[in-house]
Amino acid sequence: AACDGLAWSGLAWGAGAPATQASFALDMTRPGRRVDPSLASLSYETLELSDPTFFAADNHGLVHLFREMNPHGVLRIGGNTSDDTVWGGYKGSMPTYVPRRHGKLLQPHVLKPEGLQALAGFVRATGWKLVFGVNLRIGSPEMALDLAQTVQRLVGDQLLAIQIGNEANNYEPDYTAFDTAWTPYAKALRAAGLPLAGPDTGANTDWVIEYAKRHARENVFLSRHYYREAAENGSIPDMLAGDPGFFGEVEQIMRAADQYGLPFRISEGNSYYNGGRDGTSNVFASALWGADFMLALAQRGVAGMHFHGGTLNSVEASLGRVAKAPTGGDIVAQRDAMASRYSAIAGSRALGYQPRPLFHGITLAQRFAGAQMLPGRLDAGGANLTAYAAKQGDAVLVALINKDAQRDAAVALSGLPHGAKGELMRLRAPALDSRRDVSFAMDGHVSADAGGACRIAVPKGSAAWLRWA
Ligand code: BDP
């Protein structure tokens, strides 16, 4: 059929091995969740604000990549360094405070007003909304209020919420202790009319549910973090195997979120904590992981996924470590070395910025923004293949993500609008461990037959995105 010929053209197939036969049958009759336009979002350390030229309106390269990723994104500022930071604009007294990371005593970072002013300009230039984290660990609601009010004054309507504390599960013994520490902050911030979100816990689903029960009315969204594992345990096969257990937790949280009418956001996360894993978090496999992860979240109704990243310096500092960036190589390698392992964006103001492989996976999933997810029946034929579909106005979207390192897949799609014309984009790279030469680009047109069927080739370690008009 015409559909086969076009879809299969121009693809390099593996050495003779026959493709795995897979099928994906769309069900147009039961539309599911609507994908929030802010699905593709980012998270950065508070320490990033110590360089007021980084998040700045005239840091054009960074502004451009944010806008390219998502014109409706949300920037979350926080991480460990939010709880290690004192607000330089605060004139009152505060408790004596010595942050500790991995047993090491640290000097608190001082956030200067210039950093916040520049951030406000960056937020305006990108059109992104802002979620800003204040220091809970220090136990000073007064300082947090002063900081949050300053943020609100500078950022205005683009301030989506203030979060209180980062992963308090790492320093409070239990939920009750967290709630007790959180309450005076929340009272002060609410009294000043500031919007709140939380609990921004690392991995405690029960905290999110308890928080929803107690505080739903005081919050604009619910949040927790996600990392698959520690960097030491990371690998490409492990990352691409997926994490089905986590989606069970997402479904539990979504039941509470729906009950209380609040959106749920993964306010920070990435493949592997402890800064990400070199050769895994920063190679092409992470693009397939990221696209699949975002769409699996969107299908369950999660409003936003904030990929954590930023400079190597600030992420290493968040772990109580000092960065030693490798030097040398061409400009691409030099920019790559500036960024934390899992960052979706690499580079610096002086060297220029460039998308990491993950960035391209994020933009694939973000093409579902505003669409309504559709259920489908997938028979992956034994390959590590995932499939998603959605309705976007009159168009139907399909994503086919072949995370398999060995098996090319031939996917028989059915249930498409009869005779529909489709455009095909492919996300690919020379290999799963490629650090560069990743592309997400148009690869021609395909049309469904009179019965609404079409076969699409998805080579191993690649993804296809289709839009049927
Ligand atoms: C999270 C912290 C963040 C770290 C990250 C990591 O919030 O500050 O950079 O882990 O370990 O728990 O990579």
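**Figure 1. Leu-136 in the loop between strand S8 and helix H4 of the predicted model.** Leu-136 belongs to the loop that runs between strand S8 (129-134) and helix H4 (141-155). This view, like those that follow, is taken from a predicted model. The relative accessibility of Leu-136 is 3%, so the residue counts as buried, the limit being under 20%. The C-alpha atoms of Leu-136 and Ala-168 are 8.0 Å apart in space, with the two positions 32 residues apart in sequence numbering.

**Figure 2. The ligand and the side chains that contact its oxygen atoms.** The ligand is surrounded by 15 residues, of which Glu-45, Asn-80, Glu-167, Asn-274 and Tyr-342 come nearest. An N or O atom in the side chain of Glu-45 is 2.5 Å from an oxygen atom of the ligand. For the side chain of Asn-166, the corresponding distance from an N or O atom to a ligand oxygen is 3.0 Å. Glu-268 places a polar side-chain atom 2.9 Å from an oxygen atom of the ligand. Taken alone, the ligand exposes 320 Å², and 95% of that area is buried by the protein.

**Figure 3. The pocket and the shell around the ligand.** The ligand takes up the space of the largest pocket. Two elements give two or more residues to the shell around the ligand: strand S12 (264-273) and helix H10 (312-318). By residue class, the shell holds five nonpolar, seven polar and three charged residues.

**Figure 4. Glu-167, a residue with positive phi beside the ligand.** Glu-167 is among the residues that come nearest to the ligand. Its position is in the loop between strand S9 (159-164) and helix H5 (175-191). The phi angle of Glu-167 is positive, at about 45 degrees, although the residue is not a glycine. With a relative accessible area of 13%, Glu-167 falls under the 20% limit and is therefore classed as buried. That area is computed with only the protein chains as cover.

**Figure 5. Asn-274 in the loop that follows strand S12.** Asn-274 lies in the loop between S12 and helix H9 (285-299), and is one of the residues that come nearest to the ligand. The side chain of Asn-274 also joins that of Glu-232 through a polar contact of 3.1 Å. Asn-274 has a relative accessibility of 18%; this value is under 20%, so the residue counts as buried.

**Figure 6. Asn-270 within strand S12.** Asn-270 is found in strand S12, an element that gives two or more residues to the shell around the ligand. Asn-270 counts as buried, at 1% relative accessibility. Its C-alpha atom is separated by 9.8 Å from that of Trp-289, a residue 19 positions apart from Asn-270 along the chain.

**Figure 7. The cis peptide bond and the positive phi angle in strand S10.** Gly-198 and Pro-199 are joined by a cis peptide bond, with omega at about 5 degrees. Pro-199 has its place in strand S10 (residues 196-201), and Asp-200 is found in strand S10 as well. Asp-200 is not a glycine, yet its phi is positive, at about 55 degrees. The relative accessible area of Asp-200 is 2%, and the residue is buried.

**Figure 8. His-308 in strand S13 and its separation from Tyr-44.** Strand S13 (residues 304-309) contains His-308. The residue is buried, with a relative accessible area of 1%. His-308 and Tyr-44 are 264 residues apart in sequence, while their C-alpha atoms are 5.8 Å apart in space.

**Figure 9. Arg-428 in strand S21 and its contact with Asp-443.** Arg-428 is found in strand S21, which comprises residues 421-428. The side chain of Arg-428 makes a polar contact of 3.5 Å with the side chain of Asp-443. Arg-428 has a relative accessible area of 29%; this lies between the limits of 20% and 50%, so the residue is partly exposed. Arg-428 and Leu-222 are 206 residues apart in sequence and 34 Å apart in space, C-alpha to C-alpha.

Conventions: Residues are numbered from 1 along each chain as its sequence is written. This is a predicted model: local features need pLDDT of at least 70, side-chain atom pairs count only at pLDDT 80 or more; totals for chains, interfaces and linings use all residues. Side-chain values use heavy atoms; hydrogens and water are left out. A residue is near a molecule or strand if one of its heavy atoms lies within 4 Å of it. A polar contact is a pair of N or O atoms within 3.5 Å; within protein, one must be able to donate a hydrogen and the other to accept it, and residues adjacent in sequence count only if both atoms are side-chain atoms. Accessible areas come from the Shrake-Rupley method with a 1.4 Å probe; for residues, only the protein chains shown count as cover. On a 1 Å grid over the protein atoms alone, a cavity is a set of points where a 1.4 Å probe fits but cannot get out, and a pocket is an open set with protein on both sides within 12 Å along at least five of seven lines; lining residues have an atom within 4 Å of a point. A molecule sits in a cavity or pocket if more than half of its atoms lie within 2 Å of its grid points. Helices (H or I, at least four residues) and strands (E, at least two) are DSSP runs, numbered from the N terminus. Ala, Val, Leu, Ile, Met, Phe, Trp, Tyr, Cys and Pro count as nonpolar, Asp, Glu, Lys and Arg as charged, and the others, Gly among them, as polar. Buried means under 20% relative accessible area, exposed over 50%, partly exposed in between (1.4 Å probe, protein chains only).
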